[in-house]
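Reader: Hey, I'm new to this one. Could you walk me through it?

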Amino acid sequence: MRAGILVLLLSAAAAPAASAQPPVQSPYSAEEMRGKQAVVETTLGQFVIQLLPDVAPNHVGFFMKQARDGAYAKTLFHYVLKNAVIQGGDPNTKDPAKAADYGQGGFHQLAREENDQKHTSGAVSTVRDLSMPASGGAQFFVCVTDQPDFDGKYDVFGRVVEGMEVVQAISAAEASAAGLPKARVEITNITIRDTPPEPFVNDTPADLAGYKAVIETTMGHIELEMLPKVAPETVRQFLRLAQAKIFDGIKVHRIVPNFVIQTGALNFRATPLTGAQRRLVHPLKPEFNDTTHVPGVVSMAHGDDPASATTSFFICTGQCRGLDGKFTAFARVISGMDVVRTIATVSVEGETPRQDIVMKQVRVEKR
């Protein structure tokens, strides 16, 4: 499959003749490009690209200028391969009468900016003729899944950080044998914006205390108050994971009667994380505190290493005092304890529930 993608990308770039003009240099300074995102609005939804000027400054500067000039508006994603890549940006695609020339416009403007960025899911690269170092230009492609065969051949200049589900939907559009979607999938606009500050990163413990988490399960709603006075970094990370929808679609995988229910483990998630979501997951340093593990207290789960907690957490349904000082308590159930108790009564095989109980959504709300 990957070899087929590579041939199609090449065939799109190989036809146009080389330009006599020198390669484009970025019209912006490094400072003007740093910390920028491109919001790509399409007829199938919106996705956001984090631009990478430190590794490909001329590519980023050219892309920003094209976007600000409206050059991408009404262009198409003219090549899609389901769960592999999407390709767009060709100015020819604005005109339905030029369908025979789709994939052949906008080249020979950018020289190579080879870098060590990998073509993992969400990577955004410029299309070029591999035999011509200065053949890049307006066309770009987005990797829906990892495409290691492209590493070192095309220059990554951005990464999708929001809306990978839209990229996936575009890749799944019904298409011809040549990969052209049968219904026009347009880029309606690309807006360049400052990268928004990461949520909760700069919040004080007092700020964090102003949030609650609402867990919508298949058996009812559970509301958690946060305990940032005793576990500020754990609370901060839990809220970031929830805001990024990392907990959505994860099963309750463990029930120990009169002890705990446990969920949040990524291997029980219905769908894989996006690249942007994966980057948020990391081990947490323990913040052991004097909160007692009584019914309703919520703690992070970890393995043998106390610093191995990532996403899995448990809610106490009984007296769990043996866990005091060994696990980081960071929240408490303030509503829905009846739901917790109902989940705790589900029949188990060993400690595994015999029926699926799913966190459909975890929302962060102001208290």
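Author: Here is a short chat about the structure shown above. It's a predicted model, where local features need pLDDT of at least 70, side-chain atom pairs count only at pLDDT 80 or more, and totals for chains, interfaces and linings use all residues. Residues are numbered from 1 along each chain as its sequence is written, and side-chain values use heavy atoms, with hydrogens and water left out.

Reader: Cool. How many helices and strands are there in the protein?

Author: The protein has eight helices and 18 strands. Both are DSSP runs numbered from the N terminus: helices are H or I with at least four residues, strands are E with at least two.

Reader: And what box do the C-alpha atoms fill?

Author: Roughly 75 × 45 × 35 Å, taken along the principal axes. Of the 367 residues, 52% count as buried. Buried means under 20% relative accessible area, exposed means over 50%, and partly exposed is in between, using a 1.4 Å probe and protein chains only.

Reader: Which strands close into a barrel, and in what order?

Author: One barrel has eight strands in the order 1-2-7-5-6-4-3-8, with antiparallel pairing. From one strand to the next, the twist averages 35°. Angles like that run from 0 to 180 degrees between N-to-C directions, with axes being lines fitted to C-alpha atoms, for helices over the stretch in contact. Another closed barrel of eight strands runs 9-10-15-13-14-12-11-18, with antiparallel pairing. There, the twist averages 35° from one strand to the next.

Reader: What does pairing go through, anyway?

Author: Strands of a sheet pair through backbone hydrogen bonds, either parallel or antiparallel. Here, two strands pair if DSSP finds at least two bridges between them.

Reader: How many bridges are there between strand 1 and strand 8?

Author: Seven, between residues 36-42 and residues 186-194, in the antiparallel sense. T42 is opposite I187 in strand 8.

Reader: And which residue in strand 18 is the bridge partner of T217?

Author: That's M359. Strand 9 (residues 211-217) and strand 18 (residues 358-366) are antiparallel and share seven bridges. Strand 18 is also joined to strand 11 (residues 250-256) by two bridges, again antiparallel. In that pairing, K251 stands opposite V358. Strand 12 (residues 260-263) and strand 14 (residues 313-316) run antiparallel with four bridges, and Q262 faces F314 there as its opposite residue.

Reader: Switching topic: is K212 buried or exposed?

Author: K212 is buried, with a relative accessible area of 15%. K212 belongs to strand 9. From E198, K212 is 14 residues away in sequence and 18 Å away in space, C-alpha to C-alpha.

Reader: What about helix 6, how many of its residues are buried?

Author: Ten of its twelve residues, so helix 6 is largely enclosed by the rest of the structure. Among the buried ones are P232, F238, L239 and L241.

Reader: What span should helix 6 have?

Author: At 1.5 Å a residue, the twelve residues (232-243) should span 16 Å, and the end C-alpha atoms are 16 Å apart, which agrees. The expected span is 1.5 Å times one less than the number of residues.

Reader: What follows helix 6?

Author: K245, with a positive phi near 65°. Most residues other than glycine have a negative phi, and most peptide bonds are trans.

Reader: Where is K74, and what is its phi?

Author: K74 sits in the loop between helix 3 (57-68) and strand 3 (75-81). Its phi is positive, about 75°, although K74 is not a glycine. K74 counts as partly exposed, at 46% relative accessibility. N258 also has a positive phi, near 60°. N258 is in the loop between strand 11 and strand 12, and is exposed, with a relative accessible area of 65%.

Reader: Last thing: how much space lies in the largest pocket?

Author: About 1200 Å³. Of its 38 lining residues, the closest to the centre are V161, E162, T274, A276 and Q277. A pocket is an open set of points on a 1 Å grid over the protein atoms alone where a 1.4 Å probe fits, with protein on both sides within 12 Å along at least five of seven lines, and lining residues have an atom within 4 Å of a point. Volume is the space filled by probe spheres set on the points, which are joined across faces, edges and corners.

Reader: Which strand gives the most to that lining?

Author: Strand 2, with four residues.
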